[in-house]
Structure formats: C-alpha cells, structure tokens
Amino acid sequence: MEKRLFGTDGLRGRVNDYPMTPEIVMRLGLAAGEVLRNGGRRHKVLIGKDTRLSGYIYEYALTSGFCAAGMDVILVGPLPTPAISFLTRDMRVDVGVVISASHNPFTDNGIKFFDHMGFKLPDAVEAQIAALVEGCGRDWNLPAPEAVGRASKIQDSTGRYIVFLKNTVPLDVSFDGLNVALDCANGAAFRVAPLVFEELGAKVHKIGVEPDGTNINRGVGSLFPELVARKVVETGADIGIALDGDADRVIVSDEKGRILDGDQIMAICALDMLEGDRLPGNLLVATVMSNMALEIFMDAHGGRLVRTPVGDRYVVEAMRAKGAVLGGEQSGHLIFLDHSTTGDGTLAALQLMRIMVRRGKPLSELATLLAPFPQKLVNVPVARKIPFSETPAIERATAEAQRLLAGRGRVLLRYSGTESLARVMVEAEDPTLVERLCASLAETVADALR
C-alpha cells in the first residue's frame, strides 16, 4: 500500500520512520515556506508542540527549513493544538504549526498546519506541499542570504491563551464551589488547563500533569477516561475532564463516575444553544461515526444533524460552508466556531460547566438528555480496497441489515485511510441485533475482499 505524506490530520508516524524523519521534516519546512510565501514581505510562522521527547527533533528541523525558505519563526514550546490555532490568529502570523501525534503514544509524532485564520490547511494546499517534499533532486526557490529568516521564542503565549479561554465564560458565571477532576494526559495542557479552571474558581484535582517526554497518553487522558472517573468518585468532584495529548479533544465523567462521550456533550450544548436561539439554522455538524441517537435527538428538538466524513477538519469545513457554529466528533473533538477554529477540549469543558452552573443541575441529570444506541465497530483486514457498492455480496448483506433495522438503526462501512482495514459499524436500539448483524457483515466483507 502506497504511503501518503499527509493523512486526515497532517503528517503522523513513528519517530525516525518515514515520514517522521529529520530530513523529511526539514524538507517540509522548506516546501511549506515556498508554497505559503505570498509576495516579497517578511512572513512569520509560529511553531508549538506537545510534551513528546521527539518534539525537539522536529521543532528545530522545521525551524531550519522555514528559515532557509525566508520565513521568521516564533517558537512557543509545549502548548495545546487549539492554543496554536488561537495564537496564529491573535499574533497575526502567516502560518501555525503543531508538532504532536495527539492521542498516540510517545513513540509517534506528527505535524499539522494552520492558515493565518487558524483553520487547518485545505487538502489541495497540503498536496502542493507534499509534492515539493517528495520531489527528488529539485532545486529549491530559496531567497538570497540576506533574506533568510530568523528564529525567536516568546514567553507570554501561555498567558494569552489562558485569558482567551477565560473570556469564553461570561463574567456572571463563577465556578466557585465546583470540584473538578482533571486529567491532562501528561500532554500539552499540563500547565494551562489547571490554571484556567483554578482562576475561574474551581478546586482542581490533577492527574497527568507530570510529563517526562515518554509518558504522554500512557494510561491517562481521553483514551482512559475510567481513570478520571475513579478520581471523581474518590474526591467527590462535580465533573471529571480527560484531555488527550494535544488537548484538542475531551471526554468527561459525571459526578457519579459515568463517562460521557462527544455525542452526549454535543447534545447538552446543542440543546442549550437551541433554547437560547444561539444555534444558527438549528444545525449541528458531526461525522458519520456519531450515534444515530444524536440525529433523533436533534430532530426531536427542532434541530438537524449534518454528517461529514471522519475528521475534525471536515466537520469545520462543513460548519463554515453551512454557517453552523457547533460541531464535533464522538471521540471528543468539539468545535465552538464562535470561539475557536478547531477542536478545543478545555474550551468544550468550560462550556459544559457553564451550562451546569446556569441551569443549576448536576452533570448526571444533563446526561440523561441523550441515551446512545448500542454501537459495535469491527476492523476487518482486507487485501484490496474497492468500492463496497461494486461488490454484490456486500451490497446484499448491507441491504438485508438495513431491512432488519427498520429505520431504527444504522450500518456504516468505510475503509481506513492509513491501514489495510475495512471498518464495519452497526448501531441500533437492540444490542443483540447489533452484535449479530455486525458479526455477519464483518464475515461477508472479509470473504469478499480477501
């Protein structure tokens, strides 16, 4: 299978393996500088990272490439991905770059770009950059020696982002008296997130705030929400908040230790915005992976769910195209476009707590708004990737499954973007039916695409 430089969320891979080698990353800086320069003026790029040990490699490889391409570099060190998106806009720089592999282990790393407005680069621009990086033996269009860039560091980036986050909570809302269990995944939010909640009045019980370069996401964070749920019960907290390594997603626990995913958080926030007439077009944008119960919930409350392919970039693109201000993914990427241009786990948690305070209700009560349908996902190894609609056996099996679901369930078949896998997902109100149909469909897919 041919390897692509850019996936659904920038570059990502194992440290010192393609594409995450120092040489490729330096070429990436050169290529991005060449594609994104516009005219003869000085251009600036802001680079942030999470807490992975390998961040040092890519930070300086990128800096070398960008400076050689004639762009000035501003280094801000470990900060959440949404902080880089915000600072790119706030500091009026031309490009923002994040060095992170999100929820992956420390052995991986990745790189993603933001444009001057804080939005992820379109696929077409990434393709231009990739073509230059992969072009062997080409001559770079490099500036004269006096026109190369310089690098500098700034010290107040953390404070700027904290002020931004606090300003998303109205002045008449206080978190005084609230107890928060907070898991920062030993990642990029380990300094920022605790300060935000503390400065808004909450008492914070911290987990995952001691990064050592290798423990990011290791048994902590949004992939292991049971840890923060236990902390909630142990400390009597009102809410548990689990961020991932770059803090662009969040999973929460209610005060009873029950875990809520992104769909449930979106339902709570969407209803609050619907009732406050703050949801333009009554639209919520989510991906094909969001639970069918969310679609039924929106319809029941006079709203509408719009679905996109998997990936928060596609959610944001649809939001911008349709004028929506709320969207996200079941995995916990939540986008409040009135405040931010990308998913922000800390911001999402703040909005959820604002609703708790304003309504005077515990999270467990708010969580009853949405009861997700049972959902089963099976990864099926395949030897070839052909459209499912071109395989009669799969078409027949899918049609039969949909007939049996009778409009109260859903079947989704899709290929992995990075692995030789087909993903088979079934959801319905009847868990026994879900198990049976998913197993049968997975077997059919395996036989047809072996």
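The following exercises, each with a worked solution, concern a predicted model.

**Exercise 1. The second largest pocket**

Determine the volume of the second largest pocket, state which residues lie nearest its centre, and identify which element supplies the largest share of its lining.

Solution.
- Step 1. The volume of the second largest pocket is about 380 Å³.
- Step 2. Its lining consists of 22 residues, and those nearest the centre are K49, V76, G77, P78 and R191.
- Step 3. At least two lining residues come from each of α2 (55-68), β3 (71-78) and α5 (157-166).
- Step 4. The largest share, four residues, is that of β3.
- Step 5. Sorted by class, the lining of this pocket holds nine nonpolar, six polar and seven charged residues.

**Exercise 2. The surroundings of V76**

Decide whether V76 is buried or exposed, and list the residues that V76 touches beyond four places in sequence.

Solution.
- Step 1. V76 belongs to strand β3.
- Step 2. The relative accessibility of V76 is 11%; the limit for a buried residue is under 20%, so V76 counts as buried.
- Step 3. With residues up to four places away in sequence left out, V76 touches L46, I47, G48, I84, I154 and S157.
- Step 4. The C-alpha atoms of V76 and L87 are 9.7 Å apart, while the two residues are 11 residues apart in sequence.

**Exercise 3. The largest cavity**

State how many cavities of 30 Å³ or more are counted, and which residues line the largest cavity.

Solution.
- Step 1. The count is one cavity of 30 Å³ or more.
- Step 2. The largest cavity holds about 40 Å³ of space.
- Step 3. Its lining is formed by P78, L79, T158, A188, F190, R191 and V192.
- Step 4. By class, five residues of this lining are nonpolar, one is polar and one is charged.
- Step 5. P78 and R191 line the largest cavity, and P78 and R191 are also among the residues nearest the centre of the second largest pocket.

**Exercise 4. Backbone geometry in loops**

Identify which peptide bond is cis, and establish where N186 and N217 are found.

Solution.
- Step 1. The cis peptide bond runs from Y18 to P19, with omega near 0 degrees.
- Step 2. P19 is placed in the loop that links β1 (11-14) and α1 (22-36).
- Step 3. N186 is not a glycine, yet its phi is positive, about 50 degrees. The loop between β7 (179-183) and α6 (192-199) contains N186.
- Step 4. For N217, also not a glycine, phi is positive at about 65 degrees. N217 occurs in the loop between β8 (203-207) and α7 (225-235).
- Step 5. The relative accessibility of N186 is 8%, so N186 counts as buried. N217 is likewise buried, its relative accessible area being 8%.
- Step 6. Just after α6, G201 adopts a positive phi of about 110 degrees.

**Exercise 5. The covering of β4 and α6**

Establish how many residues of β4 are buried, and against which elements the buried residues of α6 pack.

Solution.
- Step 1. Five of the five residues of strand β4 (residues 95-99) are buried.
- Step 2. In a regular strand the side chains alternate between the two faces of the sheet. In β4, V95, V97 and I99 lie on one side, G96 and V98 on the other, and all are buried.
- Step 3. Strand β2 (residues 43-49) runs parallel to β4 and is joined to β4 by five bridges. K49 stands opposite I99.
- Step 4. Strand β5 (residues 108-114) pairs with β4 in the antiparallel sense over four bridges. V97 stands opposite F113.
- Step 5. The buried residues of α6 include V192, A193, P194, V196 and F197. The buried residues of α6 pack against α5, β7, β8, β9 (239-243) and α11 (345-359).

**Exercise 6. An open sheet and its helices**

Derive the strand order of the open sheet of three strands, and state which strands stand at its edges.

Solution.
- Step 1. The order is β16-β18-β17, with antiparallel pairing.
- Step 2. β16 (375-381) and β17 (409-415) each have a single partner strand, so they stand at the edges and one side of each lacks a neighbour in the sheet.
- Step 3. From one strand to the next, the twist averages 15 degrees.
- Step 4. Seven bridges pair β16 with strand β18 (residues 421-428) in the antiparallel sense; A422 in β18 is the bridge partner of V380.
- Step 5. Helix α13 (residues 392-405) packs on the sheet and touches β17 and β18, its direction making about 155 degrees with that of β17.
- Step 6. Helix α14 (residues 431-448) lies across β16, β17 and β18 and runs at about 160 degrees to β18.

Notes
Residues are numbered from 1 along each chain as its sequence is written. This is a predicted model: local features need pLDDT of at least 70, side-chain atom pairs count only at pLDDT 80 or more; totals for chains, interfaces and linings use all residues. Side-chain values use heavy atoms; hydrogens and water are left out. On a 1 Å grid over the protein atoms alone, a cavity is a set of points where a 1.4 Å probe fits but cannot get out, and a pocket is an open set with protein on both sides within 12 Å along at least five of seven lines; lining residues have an atom within 4 Å of a point. Grid points are joined across faces, edges and corners, and a volume is the space filled by probe spheres set on the points. Ala, Val, Leu, Ile, Met, Phe, Trp, Tyr, Cys and Pro count as nonpolar, Asp, Glu, Lys and Arg as charged, and the others, Gly among them, as polar. Buried means under 20% relative accessible area, exposed over 50%, partly exposed in between (1.4 Å probe, protein chains only). Contact means heavy atoms within 4.5 Å. Two strands pair if DSSP finds at least two bridges between them. Axes are lines fitted to C-alpha atoms, for helices over the stretch in contact, and angles run from 0 to 180 degrees between N-to-C directions.
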